[in-house]
Amino acid sequence: MNSTVRPNPNRSYRNAIALSAIFSLIASLLVFVSFTPASAATNIDLIVHVPLAPNESNNVTVTPTGGTLASGAAKYDDDYGSFAIITVPSAQAELVIAVTGLAQGSAFTRTGAEIWIDSSGNAFKSRYLAQGCEMEVHYVADSSGDADIAELHWSEDGGIDSGTITDSSVNSNTATFTYVGNCNAKNVSFNAIVSGTDKTAFDVNLKSAGEVWIKDSWPLPRTTQTWANGYITIHWYRSGGYDGYGLHAWPENGEGYSGPAISWAAALAPTGTDAWGKYWQIPIFAASTLVPFIIHSGDSKDPSGIDQSLNLEKTGGDVWLKSGSADADGYAKYSVPVFSDIDANLLRQKGIWLKKGVIAWPTAITAAEYDGHAKLYYSANANLEADETGVTGEDDSVVLEYVSSLTKALRDKYPYLRDYVALKIPLVEQDNVQNWLRGQVAVEILNDEKTSPLKVSGLQLGDVLDDVYPDAKNVTPGITWSGSNPTITVWAPTAQIVSLNLFDNSADESSTNLAMTRDDETGAWSITGDSSWNLKQYTFTLDVYAPSTGRIENNEVTDPYSISLNTNSQRSQIINFDDTALKPSGWDSMVKPSFARIADATVYELMVRDFSIIDESVSNEDWKGGYMAFTDLNSDGMKHLAALADAGLTHLQLGPVFDLASIDEDKNNWETIDWNELSGMTSNGTGQKTAVSAIRDVDGFNWGYDPLHYTAPEGSFATNPDDETRVLEFRSMIKGINDIGLRTVMDVVYNHTSGSGQASSSILDRVVPGYYHRLNASGGVETSTCCKNTATERMMMAKLNLDSVVTWAKEYKVDGFRFDLMGHQPKAQMVELRAALDALTSVKFKTVHVSQMLCKPQWMELALELSMTEFETMFVVVDHSMVIHASKVLHPANMDIQMVMLEAELPN
């Protein structure tokens with residue numbers, strides 16, 4: 001993997017911050033904050049904002065009755081005025097805030113993690129409300145002098161133009177309006193008429209915004225001036241000091257950090273120090289919605305083992321973090337929790353929907369006698385909202401039956417849920433489940449008095465989809481042929497609508513949009529075309545609820561079962577493997593080199609690009625670094641491999657050659673090294689490393705452990721990545737390797753994906769959100785594989801894995817597979833996959849997996865009984881026989897590799 005392509009980070013929740021040293025009480029304003037007493041005296045942080053200019057901020061005094069100012073906090077200024085952070089016991093009932101020069105205010109009820117005080121001493125839960133429902137809107141022109149805004153239109157929760165523009169000013173590239181709107185509105189959509197053109201609308205959450213910048217080329221409205229200028233700021237507090245800590249950030253699919261490459265060994269030093277601690281100000285790409293980053297000292301991450309990211313739509317451009325603090329799902333944690341015992345976050349999924357009628361819930365209901373304390377809510381258009389008053393916006397709801405434990409069968413199937421309780425959906429309501437799964441769902445748990453919620457959470461749906469759609473295993477996703485007519489199928493059971501976008505070729509900017517038909521028994525959508533569809537390109541458009549955003553998303557996405565793609569995998573391509581044009585000469589009659597015994601196997605591993613990229617003996621310049629170099633039998637590289645085959649080498653293992661997320665397939669964008677210049681540098685100096693590092697992100701090289709499409713060849717190794725050329729040339733490579741007496745092994749990576757959620761590198765999760773990835777207790781994606789773990793224990797992820805491997809074996813005549821991190825895949829799934837490969841040949845071999853730990857002779861008998869170990873293992877299928885390659889750690893440069901051969905042929 002390219003060292004700058006770090007594990008794909010998770011979402012993050014905004015971290016607010018403030019400060020305050022202890023000042024003496026200077027009271028002309030007393031604001032009483034009333035809290036609902038909590039059952040447990042835990043300490044909770046609260047941010048208080050006051051509208052004083054920086055030079056007036058010393059007049060702020062915060063005296064929390066019975067509480068203390070936050071440890072280490074000091075005065076802090078922002079563009080609203082000043083703010084302070086205080087720590088108050090959760091049972092705290094009263095807070096006194098004194099501000100010189102402001103009129104006496106009245107008592108109010110505290111409802112969030114932050115409060116804003118206006119100039120009259122009134123308190124509000126958003127800056128927008130504190131400003132009298134006034135907000136500044138800046139329209140930033142795409143180029144200087146292009147801010148001729150004739151009109152500004154807006155709508156509030158469906159009402160049009162209900163606010164008032166009180167002021168406007170235009171400079172060379174920005175028009176600024178002061179907008180006064182409806183104080184009861186929750187969202188407002190702005191769009192501008194610029195030089196007669198209606199510009200893109202932006203939705204702004206008024207409850208959290210006091211100022212916003214919008215621009216047509218930006219994917220999100222920007223809520224801080226720094227962000228509007230192309231930077232974001234990460235504030236970080238650590239009580240143990242900051243020595244040795246830095247920040248690692250990187251670009252990812254045109255999003256995220258846009259500055260010079262940051263080396264893992266030389267992390268980015270903080271930009272400066274503020275009242276909170278250290279902070280980094282980093283540039284980001286204009287198209288960014290996610291900004292991945294890691295705070296670390298050497299290989300020690302903070303929080304431990306966590307890769308973070310800013311979801312700019314949720315956090316805005318500035319966030320405040322505390323060392324060691326992260327949500328259970330691995331997202332960067334909002335430093336100021338909600339001030340109450342209520343946990344009402346619909347973006348988390350703490351409930352796990354296991355079967356059509358059973359939801360597993362992590363904590364027991366405290367009522368001595370259950371009586372309607374749990375409820376399921378559903379909204380077709382994702383209108384659910386939750387706060388201290390409960391859930392609103394539902395289209396349907398149902399009271400759930402409480403059972404103190406899961407059944408034994410469920411505890412046996414899900415032992416990690418053995419302490420969960422069961423919430424049962426009444427039988428009479430279960431006919432609605434299939435419909436509910438196509439919208440937004442949530443569970444609310446009420447307090448003992450049933451007067452307010454204790455918990456509100458979304459639901460994990462992966463397991464219930466397997467239960468509701470068991471016949472989906474019989475679906476054949478992707479492209480199937482009946483004569484010359486293709487049928488295209490995608491499994492998307494939670495989608496509300498799916499259509500096919502058909503393109504003539506990559507140059508075709510417009511598409512024919514065709515409705516697909518849903519099968520309610522399987523959740524699959526399909527459409528049949530005619531012979532004219534062959535070699536055309538396509539995408540799917542789906543309306544689907546995405547738990548990562550809490551909205552119905554309109555996703556245009558490629559086919560998870562893609563077998564051919566255009567450049568950089570923007571569209572899938574319709575091909576027929578049986579087409580003669582996709583077969584090299586002699587393909588159908590190709591005979592594999594003889595191979596008698598497993599114990600005779602020897603395996604040589606190489607990377608496709610490295611094999612020939614600087615081999616001057618390759619006869620065609622376009623073949624260097626690609627598949628076709630393996631067809632040039634007179635090149636030095638192929639002569640060398642042929643000599644190794646004559647000496648006894650049996651198998652050539654290729655580093656990842658499936659479609660990769662992190663290589664630009666357009667070679668015109670690559671930069672190269674001057675090898676002559678490198679050779680003139682001293683071998684023990686830093687010049688060579690510096691020169692190579694300077695182009696590491698744009699040189700076309702990548703280790704390849706970041707899968708995008710599992711069953712399509714990587715386009716950067718093809719002479720033309722824009723069409724079916726990659727299929728023909730991959731087959732030509734296999735034949736070339738075969739012709740010199742070697743069989744071929746693929747290094748495959750089914751244990752993770754490059755992206756998840758709504759990330760541009762996310763395919764599976766934008767088709768069936770929340771299904772294909774292994775989630776933790778809060779609904780966050782697990783990343784123990786380094787990236788976004790796939791849930792190969794799920795029926796359709798296991799099927800995708802199996803179908804993909806069988807395709808490589810059948811259609812490309814690949815002889816073996818090395819499974820990256822096979823220990824992350826269940827034994828049952830690997831046994832099923834083994835059987836599917838066995839079905840392709842008359843020779844059957846017993847599957848054997850051995851780790852280095854078990855290589856002593858006395859452990860061999862035990863090894864034969866294992867399906868996997870805690871270590872990474874590799875197996876090579878040779879005519880569907882088995883060779884074991886065991887390793888102790890994950891990085892080849894850091895391990896002593898040991899090959900273990902076990903012959904275990906079984907009768908047919």
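**Exercise 1.** Are W491 and Y772 buried or exposed in this predicted model, and how are their rings arranged?

*Solution.* Begin with the accessibility of the two side chains: W491 is buried, and Y772 is buried as well. Next, take the ring geometry, in which W491 and Y772 form an edge-to-face aromatic pair with 6.4 Å from centre to centre and 90° between the planes. Finally, place both residues along the chain: W491 belongs to strand β42 (residues 485-491), whereas Y772 sits in the loop between α12 (764-767) and β56 (788-789), so that, at 281 residues apart, the pair links distant parts of the chain.

**Exercise 2.** Classify the aromatic pair of Y538 and F540, and state how much relative accessible area Y538 has.

*Solution.* The ring centres of Y538 and F540 are 5.7 Å apart, with 65° between the planes. Because planes over 60 degrees apart count as edge-to-face, the pair of Y538 and F540 takes that label. As for accessibility, Y538 has a relative accessible area of 0% and is therefore buried, and F540, also at 0%, is buried too.

**Exercise 3.** Place these pairs in the wider set of aromatic contacts, and find where charged side chains lie over rings.

*Solution.* Searching the whole structure gives 17 aromatic pairs. Ring pairs also join F577, Y627, F717, F730, W808 and Y812 into a cluster. Turning to the charged residues, R794 lies over the face of Y771, at 5.7 Å from the ring centre, while K813 lies over the face of W587, at 4.7 Å from the ring centre.

**Exercise 4.** Describe the largest nonpolar core and name the helix that gives the most to it.

*Solution.* The largest nonpolar core has 105 residues, of which W353, L376, F630, F730 and F817 touch the most other members. Helix α13 (residues 795-811) gives the most to this core, contributing six residues. Apart from this core lies another one of 20 residues, including L247, I282, I284 and L310. As general background, nonpolar side chains in soluble globular proteins tend to be buried together.

**Exercise 5.** Determine how many disulfides the model contains, and classify C786 and C787 by accessibility.

*Solution.* With a cut-off of 2.5 Å between cysteine sulfur atoms, the count of disulfides is zero. For the two cysteines, apply the accessibility limit: because buried means under 20% relative accessible area, C787, at 4%, counts as buried. By contrast, C786, at 26% relative accessibility, counts as partly exposed.

Key
Residues are numbered from 1 along each chain as its sequence is written. This is a predicted model: local features need pLDDT of at least 70, side-chain atom pairs count only at pLDDT 80 or more; totals for chains, interfaces and linings use all residues. Side-chain values use heavy atoms; hydrogens and water are left out. A nonpolar core is a set of buried Ala, Val, Leu, Ile, Met, Phe, Trp, Tyr and Cys residues joined through side-chain atoms within 4.5 Å. Buried means under 20% relative accessible area, exposed over 50%, partly exposed in between (1.4 Å probe, protein chains only). Helices (H or I, at least four residues) and strands (E, at least two) are DSSP runs, numbered from the N terminus. Rings of Phe, Tyr and Trp (its six-membered ring) pair if their centres lie within 6.5 Å; planes under 30 degrees apart count as stacked, over 60 as edge-to-face and the rest as tilted. A charge sits over a ring if NZ of Lys or CZ of Arg is within 6 Å of the ring centre and within 35 degrees of the ring normal.
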